[in-house]
Amino acid sequence: MEIPVTFEALVEEANALNLYKKLILQLNKDFALANIDLDFHEAILPSSLKLVLHEKLYQLIQEKFVDYLNLLYIIDVPEQQVKALDGSDVLKLSEAVSFLILKREWQKVWFKHKY
């Protein structure tokens, strides 16, 4: 499995395999497990998904850091990848972490589909 390197590539691959809806459902499931009030509609546009996820992560980092860390743990985002990011600009950090979350969720969905 080659993991997409951009948000657009990830969405394109998910749509090509008809797994975009499952990606959204996986996001909703993990956010619910983390007790974070965010529920994406199954028909959400990719641009809206990216924006809403980014905004929510920005808010979590700023206001509920423990919940943010718990979310990363539940989703199983690799710690090394998060530590490698530049944390000096929270806006850029939250955008980068959004993509890390989507990549990890995509891996889960892809593996469940494949095997």
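Select W106 to begin: this residue sits in helix α6. With a relative accessibility of 0%, W106 counts as buried, because the cut-off for buried is under 20%. Keep in mind throughout the tour that the model is predicted. Now add S88 to your selection and draw a line between the two C-alpha atoms: W106 and S88 are 18 residues apart along the chain, and their C-alpha atoms are separated by 27 Å.

**Along helix α6**

Stay with this helix and select residues 90–114, which make up α6. How far apart are its end C-alpha atoms? They are 36 Å apart, and that agrees with the 36 Å that 25 residues should span at 1.5 Å a residue. While you have the helix on screen, remember a handy rule: an α-helix has 3.6 residues a turn, so residues three or four places apart point the same way.

Slide to the start of α6 and show the side chain of D89. One of the side-chain oxygens of D89 comes to within 3.1 Å of the backbone nitrogen of L91.

**A lysine and an aspartate**

Next, pick K108, another stop in helix α6. Is K108 buried or exposed? At 16% relative accessibility it counts as buried, since that is under the 20% cut-off. Show its side chain and look for the partner: the side chain of K108 makes a polar contact with the side chain of D30, at 2.8 Å.

Follow that contact across to D30, and you land in helix α2, residues 20–33. D30 counts as buried too, with 2% relative accessibility. Before moving on, select E105 as well. D30 and E105 are 75 residues apart along the chain, yet the distance between their C-alpha atoms is 8.9 Å.

**Into the loop after α2**

Move on to the loop between α2 and α3, and click on N35, which lies there. Its backbone is worth a look: phi of N35 is near 60 degrees, a positive value in a residue other than glycine. N35 counts as exposed, because its relative accessibility is 69% and exposed means over 50%.

Now click on I36, which is found in the loop between α2 and α3 as well. Here the accessibility is 8%, so I36 counts as buried. To see how far this spot lies from another part of the chain, add L10: the C-alpha atoms of I36 and L10 are separated by 24 Å, with their positions 26 residues apart along the chain.

**A stop in α3**

Select L57 next, in helix α3. L57 has a relative accessible area of 0%, so it is buried. Add S98 and check the distance: the two C-alpha atoms are separated by 7.1 Å, while L57 and S98 are 41 residues apart along the chain.

**The largest pocket**

Turn on a surface and look for the largest pocket, with a volume of about 230 Å³. Which residues should you select to find its centre? Of the 14 residues that line it, the closest to the centre are Y68, L69, L72, E79 and V82. Colour α4 (65–75) and α5 (79–83), the elements that give two or more residues to this lining. The largest share, five residues, comes from α4. If you colour the lining by class, you get ten nonpolar residues, one polar and three charged.

While you are here, step into the loop between α4 and α5 and select D76. This residue has a positive phi of about 75 degrees, although it is not a glycine. D76 counts as partly exposed, because its 43% relative accessibility falls between the 20% and 50% cut-offs.

**Zoom out**

Finish with the whole chain in a cartoon view. How many helices and strands are there? Six helices and zero strands, in the order α-α-α-α-α-α along the sequence. The radius of gyration is 13 Å, close to the 13 Å that the globule rule gives for 115 residues, so the chain is as compact as a globular protein of that length. Its C-alpha atoms fill a box of roughly 35 × 25 × 25 Å along the principal axes. Finally, colour by accessibility: buried residues make up 42% of the 115 residues in the chain.

Technical notes:
Residues numbered from 1 in each chain as written. Predicted model: local features only at pLDDT ≥ 70, side-chain atom pairs only at ≥ 80, totals over all residues. Heavy atoms only, no water. 1 Å grid on protein atoms, 1.4 Å probe; cavity = no way out; pocket = protein on both sides within 12 Å on 5 of 7 lines; lining within 4 Å. Points joined across faces, edges and corners; volume = space filled by probe spheres on them. Helix = DSSP H or I, 4+ residues; strand = E, 2+ residues; numbered from the N terminus. Nonpolar A, V, L, I, M, F, W, Y, C, P; charged D, E, K, R; others polar. Expected span 1.5 Å × (residues − 1). Polar contact = N/O pair within 3.5 Å; in protein donor to acceptor, adjacent residues only side chain to side chain. Rg over C-alpha atoms; globule rule 2.2 N^0.38 Å. Buried < 20%, exposed > 50% of the residue type's maximum accessible area, 1.4 Å probe, protein only.
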